[in-house]
Structure formats: C-alpha cells, structure tokens
Amino acid sequence: MSNRAKVAVAGVVAGVILLWLHPWVGLLVLLAVPAAAYLLLDPAQRKRLRRVSRKQLGR
C-alpha cells in the first residue's frame, strides 16, 4: 500500500472515530479538510480540477 493510501485510510478512520465520539466535531472535520485542501490549490490547479471533474460527469 502506498504512503498516500495509508494517510487516506488513517484520515477516514480518524474522521469516523470523531464522528462517533463527537458528532459535530467529526462532521466539521469531514467537511473542513477537503474544503481546506481545495482552497490551498493555486487558481490554475483549481481550474484544471474543475475541468477534469466536468469531463468525468460527461458534460
């Protein structure tokens, strides 16, 4: 398993545990982490990400 996959699995496990222990904190973490990751991208990367997402939706 690659290092990225291990980090992803650990993140999911941590989110599920937080969701179980403190539902509001877990929900906040599950929503805030992807939003923060998107905001950390520079504008060119965001544009490329949106373009690829639209192509996958069949537009």
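What pattern does the chain follow when it is read along the sequence? In this predicted model, the answer is α-α-α. The count of elements fits that reading: the chain has 3 helices and 0 strands.

Let us start with the first two helices. H1 covers residues 3-21, and H2 covers residues 23-39. Their axes come within 5 Å and cross at roughly 150 degrees. Angles over 145 degrees count as roughly antiparallel, so H1 is roughly antiparallel to H2. If you turn the model to look at the crossing of H1 and H2, you will find that its hand is left-handed.

Which residues bring these two helices together? On the H1 side they are Gly 15, Leu 18, Leu 19 and Leu 21, and on the H2 side they are Pro 23, Val 25, Gly 26, Leu 27, Val 29 and Leu 30. Sorted by class, the contact of H1 with H2 holds 8 nonpolar residues, 2 polar ones and no charged residues. Glycine is counted as polar here, so Gly 15 in H1 and Gly 26 in H2 belong to the polar class.

Now pick out a single residue, Val 33, which sits in helix H2. Is Val 33 buried or exposed? Its relative accessible area is 53%, and the cut-off for exposed is over 50%, so Val 33 counts as exposed. It is also worth drawing a line from Val 33 to Gly 11: the two are 22 residues apart in sequence, and their C-alpha atoms are 9.6 Å apart in space.

Finally, step back to the whole chain. Of its 59 residues, 3% count as buried. The chain exposes about 5400 Å², and carbon and sulfur atoms supply 70% of that area.

Key: Residues numbered from 1 in each chain as written. Predicted model: local features only at pLDDT ≥ 70, side-chain atom pairs only at ≥ 80, totals over all residues. Heavy atoms only, no water. Axes fitted to C-alpha atoms, helices over the stretch in contact; angles between N-to-C directions. Helix = DSSP H or I, 4+ residues; strand = E, 2+ residues; numbered from the N terminus. Parallel < 35°, antiparallel > 145°, perpendicular 65-115°, else oblique. Left-handed = near helix turned anticlockwise from the far one by under 90°. Contact = heavy atoms within 4.5 Å. Buried < 20%, exposed > 50% of the residue type's maximum accessible area, 1.4 Å probe, protein only. Areas by Shrake-Rupley, 256 points an atom, 1.4 Å probe, with all protein chains shown as cover.
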